[in-house]
Structures are given as structure tokens and as C-alpha cells.
Amino acid sequence: MRVATLNVFGLRANWPGRRALMSAGFARFRPDLVALQEVVANDQARQVLGDGYEFAHHSERESNGEGISLASRWPISAVHEVDLHLGPRAAGFACSAMVAEIDAPGPVGRMLFVNHMPDWQLTHEAERERQAVAVAKFIEELVGTTRRHVVVAGDFNAAPDAASVRFWTGKQSLDNVSVCYRDAWAAIHGSDPGHTFTPENTLTTTAEYGEWATELGRRIDYILVRSTGHGPSLHITECRRLFDHPTEGVWPSDHFGVGAVLAIPARSKGADA
């Protein structure tokens with residue numbers, strides 16, 4: 001299973017040039033499941049991914065049409081939206097989470113693919129904590145007693161040492177809730193910072209498009225695999241940054257993407273259908 005996530009940066013900054021780079025990059029990586037953020041719901045996702053996917057778009061959108069969408073090469077049997085407007089400071093931004101039930105072929109079987117994009121402001125970690133708990137609890141209720149695989153991907157707007165990410169990766173509890181997801185990047189690259197939002201990318205800091213002139217670089221885009229009692233249900237065999245260099249001066253987006261290759265562990269019996 002090949003999974004990718006990317007913040008598309010809407011239609012800004014030479015969209016035709018960026019679209020061509022994204023299309024080529026996704027064609028090379030060949031993802032089965034894709035989480036997209038800051039994507040316009042009309043046809044932007046299809047423009048960068050091409051045919052062969054089912055698409056789902058969250059109903060919460062910005063005034064310019066941007067929001068989160070996901071794509072799957074396999075049938076999407078249901079899509080659930082989780083309300084992330086938890087408190088007054090979350091108003092005015094399309095913070096969103098969508099949980100898709102995917103009918104993947106065997107031996108994976110029915111699984112959940114989650115696109116998560118909480119609040120972005122540096123001062124809103126309290127909101128991101130509440131949003132993480134809300135999404136994680138929804139997933140646990142949906143999984144119930146079944147043995148479904150769960151993959152969560154997206155622009156978490158928080159670095160690995162933030163409480164919301166520490167919660168996702170099982171390093172701390174929040175609001176008397178605890179879960180554990182394996183961070184695909186850390187599983188392969190250990191302590192390598194792997195920044196996905198960095199001043200190396202001029203779209204992050206240029207006066208025309210960026211608002212982050214003092215940005216030092218952070219890893220805020222993730223692919224996570226749900227664990228049960230003894231570890232993640234899927235083996236992470238590969239993880240890499242995507243779209244992390246310009247072509248003839250054009251950056252694909254203001255974020256770097258993340259791509260991971262996941263496999264059924266040798267001893268696993270697969271998920272419940």
C-alpha cells in the first residue's frame with residue numbers, strides 16, 4: 001500500500017507550473033491513498049492525480065473553495081466528517097478531519113483512511129490538542145472490536161514535540177485519552193528532522209505568498225499507522241519526502257509532501273472485512 005499526503009497550496013503561485021510538477025511526482029510515486037489539504041474541491045485533486053481514483057471532499061471550505069480532500073484507488077464505502085470547531089478560536093478557518101472507509105483488496109481488507117488538518121496558528125496548540133482527541137475518539141468508536149487497519153495522514157500544523165503529535169504517537173495522554181500511532185517518517189529516519197515546512201522553500205517566506213519570514217523549519221506533515229497492544233498493524237517499509245525540490249525555479253507547493261509504503265506484517269492475519 002502506497003500512501004501520500006500533500007498540502008497543495010490552493011491555486012496560488014503559478015498554479016499551471018506547480019500542477020505539472022505535482023502530476024509528474026504523483027505519477028512517479030503511484031500512491032493508492034492520498035490526503036490533500038488546501039485543495040479546491042472542484043477538480044483540483046483530479047488535475048494532479050489523474051484518473052483511476054475515487055475522490056471525497058470535506059464540506060467545510062474556505063471562501064476561496066479550499067479545504068481537504070482524499071483520493072483512493074479502491075472503493076470508498078463511507079465518509080465521515082469530524083467537527084473540529086472546538087472553541088471560539090477555531091472559528092474562521094476550515095480546520096477539518098474526514099474519515100473514509102476504504103474497501104481495500106486482500107489481505108488488507110476494509111480499512112480507515114483519515115485526512116486530518118487541525119488549526120494552523122502557532123498559538124493554537126490547545127485547539128490542536130482538543131481536535132486530536134476528537135478525531136482519535138471517533139476513530140476508536142468506528143473501529144470498535146474489529147481488526148481494521150487505520151492510516152492517518154495530513155498537515156497537522158504541529159512539530160513532533162508538540163503535545164498534539166505526542167498524543168497521536170503514544171507519548172502522552174490528553175483529556176484522559178490515549179492512543180498510539182507509528183510515525184512513518186520517524187520509523188524509517190529516526191531523529192532526522194525531515195522538515196516539510198521550511199525556508200529552503202521560497203514559497204514559505206516570499207512576501208508575495210508567504211507570511212513566515214522568520215520560519216526556521218518544522219516537520220508538520222505526517223503519515224501515521226494505528227497500533228494495538230503490541231505495535232502498528234501495518235509494517236512501514238519506506239517513507240520519503242515528496243516534492244522537496246524546485247524545477248527550473250518552480251516549487252510544487254509551500255509544503256513538502258510525505259509518501260510511505262506500508263505492508264502487512266508476516267505474522268498478521270489481516271483486517272476484518
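## Starting with a helix

Which residues of α1 are buried? In this predicted model, they are Trp-15, Arg-18, Leu-21, Met-22, Gly-25, Phe-26 and Phe-29. Looking down the axis of α1, you'd find those buried residues within an arc of 130°, so they line one face of the helix. Over on the other side of α1, Ala-27 and Arg-28 are exposed.

Helix α1 itself covers residues 15–29, which makes 15 residues. From its first C-alpha to its last it reaches 21 Å, close to the 21 Å expected at 1.5 Å a residue. Just past the end of α1 comes Arg-30, with a positive phi of about 60°.

What do the buried residues of α1 pack against? Their partners are the strands β1 (2–7), β2 (33–40), β11 (235–242) and β12 (257–263), along with the helices α2 (44–49) and α6 (202–205).

## Stepping back to the whole chain

Now for the bigger picture. The chain has 6 helices and 12 strands. Its radius of gyration is 17 Å, close to the 19 Å that the globule rule gives for 273 residues, so the chain is as compact as a globular protein of that length. If you lay the C-alpha trace along its principal axes, it spans about 50 × 40 × 35 Å.

Buried residues account for 55% of the 273 residues. As for the outside, the chain exposes about 11500 Å², and carbon and sulfur atoms supply 50% of that. Contacts also reach a long way along the sequence: taking those between residues at least 6 apart, 68% join residues at least 24 apart.

## Two nonpolar cores

The largest nonpolar core holds 58 residues, and Ile-139 and Trp-168 touch the most other members. Helix α3 (residues 125–143) gives the most to this core, with 6 residues. Apart from it lies another core, this one of 18 residues, among them Phe-29, Val-34, Val-48 and Phe-55. You've met Phe-29 already, as one of the buried residues of α1.

Trp-168 has plenty of company. Leaving aside residues up to four places away in sequence, Trp-168 touches His-116, Ala-132, Val-135, Ala-136, Ile-139, Val-152, Phe-156, Val-179, Cys-180, Tyr-181 and Leu-224.

## A closer look at α3

Helix α3 has 19 residues, which should span 27 Å at 1.5 Å a residue; its end C-alpha atoms are 27 Å apart, so the two values agree. The buried residues in α3 include nonpolar ones such as Ala-132, Val-133, Val-135, Ala-136, Ile-139 and Val-143. Glu-125, Glu-127, Arg-128 and Gln-131 are buried in α3 too. Right after α3, Gly-144 takes a positive phi of about 60°.

## Two loop residues

Is Ser-227 buried or exposed? With 10% relative accessibility, Ser-227 counts as buried, and you'll find this residue in the loop between β10 (221–226) and β11. Not counting residues up to four places away in sequence, Ser-227 touches Cys-180, Tyr-181, Arg-182 and Pro-232. Cys-180 and Tyr-181 also turned up among the residues that Trp-168 touches.

Ala-162 sits in another loop, between β8 (149–155) and α4 (163–168). At 14% relative accessibility, Ala-162 counts as buried as well. Ala-162 and Glu-129 are 33 residues apart in sequence, while their C-alpha atoms are 9.1 Å apart in space. Glu-129 belongs to the stretch 125–143 that makes up α3.

Definitions and conventions:
Residues are numbered from 1 along each chain as its sequence is written. This is a predicted model: local features need pLDDT of at least 70, side-chain atom pairs count only at pLDDT 80 or more; totals for chains, interfaces and linings use all residues. Side-chain values use heavy atoms; hydrogens and water are left out. Helices (H or I, at least four residues) and strands (E, at least two) are DSSP runs, numbered from the N terminus. The expected span of a helix is 1.5 Å times one less than its number of residues. Buried means under 20% relative accessible area, exposed over 50%, partly exposed in between (1.4 Å probe, protein chains only). The arc is that of the directions from the helix axis to the C-beta atoms. Contact means heavy atoms within 4.5 Å. The radius of gyration is taken over C-alpha atoms; the globule rule is 2.2 Å times the number of residues to the power 0.38. Accessible areas come from the Shrake-Rupley method with a 1.4 Å probe; for residues, only the protein chains shown count as cover. A nonpolar core is a set of buried Ala, Val, Leu, Ile, Met, Phe, Trp, Tyr and Cys residues joined through side-chain atoms within 4.5 Å.
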